[in-house]
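Hi,

Here's the structure I promised to pass on. Have a look at it first, and then read my notes underneath.

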Amino acid sequence: MFTYRFRELPVALNKKGEVRAALAKQIRVHPEEIFNLEVERFSLDSRRKGDPHWSYNVVFDLAKPVRASGNEARGLIEAKRERKGIESEPLKDSVQMPSHVDIVGAGPSGLWAALHLLRKGFSVDLYEQGKNVEERFRDIRRFIVDRKFNAHSNVLFGEGGAGAFSDGKLNTRSRNAFSEAVLKDMVGFGIDESVVTFAKPHIGTDRLVLMLREVRAEIAKLGGRIHFNTVLEDIEIKDGRICAIQLRNVSGHEARDVSLPFWKPCEALVLAVGHSARSVYTLLHARGVALESKAFAMGVRVEHPQMLINLRQLGKGVDTRLTGAAEYFLATPTLGKTSSAYSFCMCPGGILVPCASEPGTLATNGMSYSRRNGPFANGAIAVPIAASEKLFGGLELQRQIESDAYRVGGNNYAAPAQTIKSFLAHKEDAALPKSTYPCGLVQSNLWDWMDKTICKSLAEGFQNFDRKIPGFIDEGLIVAPETRTSSPIRITRNNDTLESVNTRGLYVLGEGAGYAGGIVTSAADGARLAHHAKKA
Ligand SMILES: Cc1cc2nc3c(=O)[nH]c(=O)nc-3n(C[C@H](O)[C@H](O)[C@H](O)COP(=O)(O)OP(=O)(O)OC[C@H]3O[C@@H](n4cnc5c(N)ncnc54)[C@H](O)[C@@H]3O)c2cc1C
């Protein structure tokens, strides 16, 4: 047998998945002469405007050496099969853990740590301050109507964490055995198997929510216990080792529904609390756990008609029922190359959501449904913020901008907004275009209250993006602010064992630890901890 890999095999838009026929034609063999055909990765290639196509990387076997040559064989190389499972990942350092593990946080990192630890025979209690995803959904809807903010059950907090009411993008910057394992788990929970091979998989919040129910059922089947409405309030450390945790039950509605806190012995605590668990950072600092400030990014959300983005990114006359709504990835240096502006977490066909984690503050983000068929595209345009010299400096800056935004928006979770055109002219709009933001918009000149350096960097960024996507300025609406791109604080850990550098038995995961960002990357962090865990 001769094994080959073909990179960037073109497949017509309306022939998605018909790889065998396309490959056979390309390398001039009969389709049945191709054995063990495996798709490694595929993506939409829209570099030729007006004529996008699917592009596949495949590996396959032939009984005889390939005959094709020249242009047809471009992209064809002799190859070895590369895909490896999680089992083959080297164990740099194993983690000795007691047989019972307490996990705090039911976002992707906490859920996947629970799943994989349970599969290895550990017993697990998982504590989550928010509610199960069904009740959480009702709380979010209620908030949009009555604007009574629920500090434990909202777009950021509850089963599924920040990822539940999200765009449901499942891409990672670099794939590894852990992220592949997470994607395969997701397929087992009912998600379409193309997520494993598509370069930019997206499932949308509707499918994510269905998947979360399956994850919950699997955790229960494996003997894990999930405790919703339960907040971690304190930890006790003795001789540099975690020994107890303090929890409190909250129903999330009224102050009177809150129980008295209670202590519980704990030898292994996994913190998977996400980047918005500000009270946890304060607690850890007070108890002497090593933290450090880190660089992050802030900016705004911009919204455009999806038709504009489709036209500019795909070209005229392309059937977006075949391609899906178009995306953009934009980045440019700014301020004499001392800063930059870049797009982040773009949501084609999506909607804007309010996603503060504290009452009296406002932050925006974007989410979408699996069909991504809404009339607007939104994306964060972010500017890097250097690590603050003060540990809580970055967090204070986030909070300052969020409370200013809340005030400017009229203290009612309406968001300050400005067209990009008016932003560049430093003036308020007479009227604002339509937007998907559900709590209303208030005209505001962002230069009056947002950080000036961020504004200047954004302004330069917009000029540059308009050259790449003509109409980006004229048709763009800014809804501010976007402050929760990643954590401004890192819980310093040993990167092999994922254990805190100064507190034994404390394992820190995911976005809150400051090492991972995104649904799959955070979940992969959980899978990684379990892979290294050995019963003490
Ligand atoms: C609106 C939105 C859209 C997004 N879209 C995408 C996307 O399309 N693709 C993508 O990859 N990423 C997306 N992200 C980012 C992604 O959701 C996060 O990177 C990911 O969820 C981080 O996972 P995590 O497990 O580290 O933390 P989180 O998901 O933040 O989960 C942490 C959990 O810990 C709980 N918790 C915190 N403190 C306590 C406490 N003291 N006691 C008990 N429980 C506590 C919280 O309630 C929360 O449920 C989006 C984020 C948002 C907000």
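How many residues of domain 2 are in contact with domain 3, and with how many residues there? The count is 23 residues of domain 2 against 21 residues of domain 3. Before you lean on that, keep in mind that this is a predicted model.

On the domain 2 side of that contact, two elements give two or more residues each: α5 (204-221) and α6 (278-286). The top contributor there is α5, with 4 residues. By residue type, the side of domain 2 that touches domain 3 splits into 10 nonpolar, 8 polar and 5 charged.

For orientation, the protein is divided into three pieces: domain 1 covers 2-84, domain 2 is made of 93-292 + 490-535, and domain 3 runs over 295-482. Taken over C-alpha atoms, the centres of domain 2 and domain 3 are 28 Å apart.

Now the ligand, which is probably what you're after. It lies between domain 2 and domain 3, because both of them give residues to the shell around it. That shell has 42 residues, and the closest to the ligand are Gly105, Gly107, Gly161, Gly274 and Gly510. The elements supplying two or more shell residues are α2 (108-119), β9 (230-238), β18 (364-367), α12 (510-513) and α13 (519-532). As for chemistry, the shell around the ligand comes out as 20 nonpolar, 18 polar and 4 charged residues.

That's what I have so far. Shout if anything is unclear.

Cheers

Key. Residues are numbered from 1 along each chain as its sequence is written. This is a predicted model: local features need pLDDT of at least 70, side-chain atom pairs count only at pLDDT 80 or more; totals for chains, interfaces and linings use all residues. A residue is near a molecule or strand if its C-beta atom, placed from the backbone, lies within 6 Å of it. Ala, Val, Leu, Ile, Met, Phe, Trp, Tyr, Cys and Pro count as nonpolar, Asp, Glu, Lys and Arg as charged, and the others, Gly among them, as polar. Domain bounds come from an automatic or database domain assignment. Two residues are in contact if their C-beta atoms, placed from the backbone, lie within 7 Å.
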